[in-house]
Amino acid sequence: MNIYINGTGCVSPLETAVEGRLPLAAPSLDNVRLKAAEPDYKQWIDIKMIRRMSRVIKMGVAAAQLSLREAGIRKPEGIITGTAYGCLDDTGVFLTKMITQQEEMLTPTAFIQSTHNTVAGQIALLLECHAYNNTFVHKGFSFEHTLIDSIMQLREGKVSNILAGAMDELTNHSFNILSRFNLFKHTAAGEGAACFVLSTEKGPHAVAKLKGVSVLYKPASAEEVAADIVGFLAAHSCSQEDVDLVITGRNGDPAGDAWYEHVENNVFANLPVARFKHLCGEYPTASAFGTWMASRIIASQEVTPAVLFKGTAPSEIKKVLLYNHHDTSHHSMILLSKC
Amino acid sequence: MSGNDVWVLGGGVICGIGNNVPECIASFRQMKPGMTTMQYLSSTHRDSFPVVEVKADNATLAARAGLPAHISRTALLSAVAAKEAWNSAQLGNIREYRVGLVSANTVGGMDKTEDFFAEYLQDNQSGRLRNVVNHECGSITELVADTLGIRHHVSTISTACSSSANAIMYGARLLKNNLVDVVIAGGTDALTRFTLNGFNTLMILDQQACRPFDDTRTGLNLGEGAGYIVMVSDAIAKKMEIHPWCKLTGYANANDAYHQTASSPDGIGNYLAMQQAMEMAGITPADMSYINLHGTGTLNNDLSEGTAIQRLFGNAVPPVSSTKSFTGHTLGASGGIEAVFAALAVKEGYLYPNAQFSHQMKELTFSPVTTFSEGNVINNVMSNSFGFGGNCSSLVFSKDVNT
């Protein structure tokens, strides 16, 4: 069974929500904290609700709507989101008031919007969609598990399309606290939302095929990852030579980049490599941005200098492998191909 | 046998009415609900709202879980119940299988984050980092996976009060797709000030013991705990001698798409989840032996759920009860805890009582079972879990026709 990506939507530190494509040249995002460039939400959300909603909800709704628009459907047959941190801003607001007001005189709005399934729930509300609705909250696997769940359900054959995506927001509190763990010494903190309409039928604007997804939790070594990638490709009837472009989650942190270096040199020697975290920053669901980028590269058949890390851009791009890890503990592989 | 069956081999529970499954069953048998004044949670609302706490401090739980006492209570509860579940399945060494742990929770390590945040708000360089390092929901699952030795598939789901029903559903799909041999699925949540105060702002906490499906009900009691079932696919079941409790034959997830926190008056999401789960199980309303209700005790939930049940079952509503009248509402753990009770009902012929029931709801034609009984003919049990965000999920557990 083929699974097509019939539409994509992405809110990121770049103007991806408005332009729908990658920049030609890498913008100079030398900040340690990348903030999403938010689109005009009025086209999708009532203005009164815009004021009440936190950024992660709005980014998620926007990415969902953009992907549905491109796919040409109004109501998906399933909504699955991934978010590692959930609705951090509302969580922080409620927690702060609870502590400073000593548990008195609290109001419900921030609490209501703090649950991790708020984004998926709001999308269902806006679309009046009674279909399957789920939210994965597993750190650096949150996005990958939404894809795995989607693939399993599409294969069951009861539904023909699913809206799948991931979103995370960076707040002042989370940036402060994560910085204390020395996470942003070599890399910028990021945020964003990316959504995909996956379908068993090829849509008019299909951008790529989703061939497979696999996750590897706390591998013992880069050798184990390399062997796992070879096995993953074989399971999808793909050899290492069939891959035209590798996208890795390089973020400038030497300890983390060593894992990518090993895979690039030992599994895909001589293949061109692209990167994406200099554009979206590091966050647990950054692989959703990477997948969005991979799908746009396949659709446009163009690897811009803004993302090429080594090698020369291939003339034809049939298969792209995204290999990412978050914090060296959560490794994932996502294989996309030309329609 | 369809060749695609999912077998339930065992389960584990820790909650306010027992530290393990036999203790919970004893509490049902003796009609002893677990509501008390807070002993372990520290809150200014201590004397306003009864809660259903696990009757053990973190040091005691940590010793049982084999984890450090300073980590989140949510992880400690999870490890205790997951271990009981694994042992009850009688599968031996966990490292001999491709095992998945799919565990739900709603606020991760919030109990520790609350302590951290109080200091952090004074000065953003203060507060012990070890109290916030496991804030994420996924961290809780990983603490437990690591201590049990599980690596193949570790996932966390959070859809408010329906979280662990969705974890069980996803776990079943992992088995059917041969991504793992065995799945431990369910959920965990410890009481936190965050959730207590959150539910208080919604004005749905009862100041007395909650009265699900009673006409005088005014709200829910929060509880805490963890519950997991262990499932295997047919392929594994055929290879070995197993002693299954029952099968998971149906599951469905639908969205109410009505309001972020409230259920629709006709319970459309509830109805769709129940109807589709029964359709998948291949059973009709007449085949249903018992429904373990979501039954929180709020005005809104019980009316929506009851209305949806009447629409689906008409005048032939099977025995129903809300075990939350004993355990309180354990949020992200409730679907897991109640799945264990539901699976055990099939195995043992149990019908669980609904405590604190005395007044028939005027909108409904049926009322819950109020006494414990065993030895009943129980072929199919449905477990309902409905939550914020319109998330509605139902599971169906069935007796194997060949056993």
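In this predicted model, helix α9 of chain B is followed by B:Gly282, a residue whose phi is positive, near 70°. The helix that leads up to this glycine is a good place to start looking around.

Helix α9 of chain B covers residues 268-281. At 1.5 Å a residue, its 14 residues should span 20 Å, and the C-alpha atoms at its two ends are indeed 20 Å apart, so expectation and model agree. Ten of the 14 residues of α9(B) are buried, and the helix is therefore largely enclosed by the rest of the structure. The buried stretch begins with B:Ile268, B:Gly269, B:Asn270, B:Tyr271, B:Leu272, B:Ala273 and B:Met274, and further along the helix B:Ala277, B:Met278 and B:Ala281 are buried too. As general background, an α-helix has 3.6 residues a turn, so residues three or four places apart point the same way. Around α9(B), the packing partners of the buried residues are helix α10 (299-313) and the strands β6 (246-255), β9 (380-386) and β10 (391-398), which belong to chain B.

One residue of particular interest here is B:Leu395. Leaving aside neighbours within four places in sequence, B:Leu395 is in contact with B:Ala277, one of the buried residues of α9(B). Other contacts of B:Leu395 include B:Leu248, B:Tyr251, B:Met382 and B:Ser383, as well as B:Ala165, B:Ile168, B:Ala339 and B:Ala342.

The nonpolar interior can be described next. The largest nonpolar core holds 230 residues, and those touching the most other members are A:Ala63, B:Ile229, B:Met231, B:Ala343, B:Ala345 and B:Leu395. Helix α3 of chain A (residues 55-71) supplies the largest share of this core, with ten residues. A second, separate core has 15 residues, among them A:Leu95, A:Ala110, A:Phe111 and B:Phe194.

Stepping back to whole chains, chain B contains twelve helices and ten strands. Its radius of gyration is 20 Å, close to the 22 Å that the globule rule gives for 403 residues, so chain B is as compact as a globular protein of that length. Of these 403 residues, 65% count as buried. Among contacts in chain B with a separation of 6 or more, 78% join residues 24 or more positions apart.

Chain A, in turn, has twelve helices and eleven strands. With a radius of gyration of 19 Å, close to the 20 Å given by the globule rule for 339 residues, chain A is therefore as compact as a globular protein of that length. Buried residues make up 58% of the 339 in chain A. Along its principal axes, the C-alpha trace of chain A spans about 65 × 45 × 35 Å.

Key
Residues numbered from 1 in each chain as written. Chains lettered and ligands numbered in written order. Predicted model: local features only at pLDDT ≥ 70, side-chain atom pairs only at ≥ 80, totals over all residues. Helix = DSSP H or I, 4+ residues; strand = E, 2+ residues; numbered from the N terminus. Rg over C-alpha atoms; globule rule 2.2 N^0.38 Å. Buried ≥ 20, exposed ≤ 12 C-beta atoms within 10 Å, placed from the backbone. Contact = placed C-beta atoms within 7 Å. Core = buried A, V, L, I, M, F, W, Y, C linked by C-beta atoms within 7 Å. Expected span 1.5 Å × (residues − 1).
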